[in-house]
Amino acid sequence: MISSRSAILGRCVAGALLRSTHGSTQKEVVRRGHAWSYRTAAPPHPRSVVIGSHLVGGLMWWWILWHLWHEPEHITGEFPYPDPSKWTNAELGIPPDDADE
């Protein structure tokens, strides 16, 4: 852990020294690893990305529907739902009609 922290500290110090020696003449690193669009439509995704996303989405929906079909207890509960018409007023916490308020 100490070695990883010292490596980070060393990079910060080296960056500060480079900035202080070069001043404003140092050029910033420009990364152009992705398509960039400003006020235009985004470029279309490659065909492999579209097919891969459809495969992953299909796998996800298969997984969800398979488990809903074979293990519905995750949604409906493990035990049968009690019949509310058989509950008494005392079980529901309803006071009797002749109780004083």
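**Legends to close-up views of a predicted four-helix model**

The protein has a mean pLDDT of 81, and 81% of its residues reach 70 or more, where pLDDT is the predictor's confidence in each residue on a scale from 0 to 100. Because this is a predicted model, local features need pLDDT of at least 70 and side-chain atom pairs count only at pLDDT 80 or more, whereas totals for chains, interfaces and linings use all residues. Residues are numbered from 1 along each chain as its sequence is written, and side-chain values use heavy atoms, with hydrogens and water left out.

**View 1. The helices of the protein.** The protein has four helices and zero strands, in the order α-α-α-α from the N terminus; helices (H or I, at least four residues) and strands (E, at least two) are DSSP runs, numbered from the N terminus. Among these elements, helix α1 (residues 2–22) has the lowest mean pLDDT, 69, and α2 has the highest, 97.

**View 2. A nonpolar patch on the surface.** L59, M60, W61, W62, W63, I64, L65, W66, L68 and I75 together expose about 1100 Å² of accessible area as a nonpolar patch, and helix α2 (residues 47–70) supplies the largest share, nine residues. Patch members have over 30% relative accessible area and no salt bridge (a side-chain nitrogen of Lys or Arg within 4 Å of a carboxyl oxygen of Asp or Glu), and nonpolar side chains (Val, Leu, Ile, Met, Phe, Trp, Tyr) are joined within 5 Å. The areas come from the Shrake-Rupley method with a 1.4 Å probe. L65, which lies in helix α2, counts as exposed because its relative accessibility is 51%, and the cut-offs are under 20% for buried, over 50% for exposed, and partly exposed in between.

**View 3. A cluster of tryptophan rings.** Ring pairs join W62, W63 and W66 into a cluster, and two aromatic pairs are counted, where rings of Phe, Tyr and Trp (its six-membered ring) pair if their centres lie within 6.5 Å.

**View 4. R39 in a loop.** R39 is found in the loop between α1 and α2, and its phi is near 60°, a positive value in a residue other than glycine. Most residues other than glycine have a negative phi.

Methods
Phe/Tyr/Trp six-rings, centres within 6.5 Å; stacked < 30°, edge-to-face > 60°. Patch = residues over 30% accessible without salt bridge, like charges linked within 9 Å, V, L, I, M, F, W, Y side chains within 5 Å. Buried < 20%, exposed > 50% of the residue type's maximum accessible area, 1.4 Å probe, protein only.
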